[in-house]
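Biologist: I should like to learn how to read the features of a structure that is new to me. Please begin with a ligand and its surroundings.

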Amino acid sequence: MKKILITGGAGFIGSHVVRLFVNKYPDYMIYNLDKLTYAGNLENLKDIDKKPNYKFVLSDIKNGESMLELFKKEQFEGVIHLAAESHVDRSISHPTEFVMTNVIGTVNLLNAAKFIWNGNWEGKLFYHVSTDEVYGTLGKTGFFTEETAYDPHSPYSASKASSDHFVRAYHDTYGLPSIVSNCSNNYGPNQFPEKLIPLFINNICHNKPLPVYGKGYNVRDWLYVVDHAAAIDLIYHTGNKGETFNIGGNNEWRNIDLIKLLCKITDKKLGREPHTSEKLITYVTDRAGHDLRYAIDSFKLQKEFGWKPSLRFEEGLEKTVKWYLNNQGWLNNVTSGNYQKYYQEMYGNR
Ligand code: NAD
Ligand code: DAU
């Protein structure tokens, strides 16, 4: 069986990628390596965790020796690397952890792959999953293409940019077969409720304030997480080594407009009067270094592979709200314990 290592598979996007690969490729052995930080949750995979082609490995990518031992033992042919610290606000308060996991962790994986593959590159691939935030911010017009120069502004995006550079450097210097993809904002089931959409759904349910940073005029390009997983599958199997692919929803929303739509959908599903939850909107101090606008040009991916987003945003958002309302147990589990402390630190005094 072809052995593929997926890192960060217990997190939001990783769990959708693991599910897709385990179900679609019964002849692959999928190893999900995850440290199970606050963002990692094996409950996300309970529908597939008994499948014979799935194995969970509890480990930390920051530990280079463990990575090397694991690669020696399992002799993976492919790596899809998603494990990361992923939340911009946390990177502002705790930047070092982002360097350790996102930069050092990625280099540890690259070293392990390079050592084990040892120049036998045939059939091997290191696929690095990255973000559009490495490109910095756009003004009112324009798009990020694969040629846009990197210009990260937050500790999170700086750490991701650095990890992208290391992946490309290992390709250019040692010949390590690699691909990088840079995706826009994902939304959908299983996203940790520190990110805008699940945080606000949860707050609406509990009649808590909806903390809008600044004026709410920042723009993000939203993509349903299952469409991101499908793009990763396509690129993993057919992308040329050494290349970069942008993945995006072609779906730009100002935060405030998205939030009003979210309130409308959630009110309807909860049987509340129209405009009830909009009253919870509270403008708070802006995020430091807050990028104004992200918008991805995914022409290359669409042209080469015929990929496109499968859902209209309104449809995807409705599915997403429905998932969170039907999975209150999941929400309650992930918001117990340390989450309360985080929420108090982030929003408590506002
Ligand atoms: P997430 O925070 O939901 O999940 C991250 C996972 O990585 C968790 O399961 C966590 O336990 C694991 N992890 C963290 N540190 C680890 C370590 N040291 N060792 C092993 N496992 C560790 O993140 P996500 O939103 O699913 O993002 C996944 C990847 O996709 C990240 O690399 C992120 O930069 C990238 N990305 C995310 C988005 C988005 O909108 N969420 C968009 C583009 C790219
Ligand atoms: O663009 C891809 C990136 O999208 C990923 O690389 C990151 O991992 C992911 O977290 C996401 O980053 P953002 O910073 O864009 O996502 P977040 O959900 O944190 O915020 C979305 C927008 O909403 C942003 O403009 C900040 C704003 N916001 C966010 C929160 C949490 C608020 O106004 N209030 C909030 O409480």
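Modeller: Let us start with a polar contact, a pair of N or O atoms within 3.5 Å; within protein, one must be able to donate a hydrogen and the other to accept it, and residues adjacent in sequence count only if both atoms are side-chain atoms. Here, a backbone N or O atom of leucine 196 lies 2.8 Å from an oxygen atom of ligand 2. This is a predicted model, in which local features need pLDDT of at least 70 and side-chain atom pairs count only at pLDDT 80 or more, while totals for chains, interfaces and linings use all residues. Residues are numbered from 1 along each chain as its sequence is written, chains are lettered from A and ligands numbered from 1 in the order in which they are written, and side-chain values use heavy atoms, with hydrogens and water left out.

Biologist: Which oxygen or nitrogen atoms in side chains lie by an oxygen atom of ligand 2?

Modeller: Arginine 287 places a side-chain N or O atom 2.6 Å from an oxygen atom of ligand 2. Tyrosine 347 has a polar side-chain atom 2.6 Å from an oxygen atom of this ligand. Of the accessible area that ligand 2 has on its own, 690 Å², the protein covers 95%; such areas come from the Shrake-Rupley method with a 1.4 Å probe, and for residues only the protein chains shown count as cover.

Biologist: Which elements give two or more residues to the shell around ligand 2?

Modeller: They are helix H3 (88-93), H6 and S8. Helices (H or I, at least four residues) and strands (E, at least two) are DSSP runs, numbered from the N terminus.

Biologist: Which residues come nearest to ligand 1?

Modeller: A residue is near a molecule or strand if one of its heavy atoms lies within 4 Å of it. Around ligand 1 there are 29 residues, of which Ile13, Asp34, Ser86, Tyr156 and Lys160 come nearest. Serine 86 has a polar side-chain atom 2.7 Å from an oxygen atom of ligand 1, and a polar side-chain atom of aspartate 60 lies 2.8 Å from a nitrogen atom of the ligand. Alone, ligand 1 exposes 830 Å², and the protein buries 97% of that. The largest share of its shell, three residues, comes from S5.

Biologist: How many residues does the largest nonpolar core have?

Modeller: A nonpolar core is a set of buried Ala, Val, Leu, Ile, Met, Phe, Trp, Tyr and Cys residues joined through side-chain atoms within 4.5 Å. Buried means under 20% relative accessible area, exposed over 50%, and partly exposed in between (1.4 Å probe, protein chains only). The largest core here has 39 residues, and those with the most contacts inside it are Ile197, Ile201, Phe313 and Leu317. Helix H8 gives the largest share, seven residues. Contact means heavy atoms within 4.5 Å; leaving aside residues up to four places away in sequence, phenylalanine 313 touches Tyr187, Trp222, Asn251, Trp253, Leu258 and Leu261. A second, separate core of 33 residues includes Ile6, Tyr25, Ile30 and Ile235.

Biologist: Why is cysteine 263 without a bond to the sulfur of cysteine 205?

Modeller: A disulfide is a covalent bond between the sulfur atoms of two cysteines. The rule applied is a pair of cysteine sulfur atoms within 2.5 Å, and by this rule the count is zero disulfides. The sulfur of cysteine 263 has its closest cysteine sulfur, in cysteine 205, 11 Å away, which is too far for a bond. Cysteine 263 is buried, with a relative accessible area of 1%.
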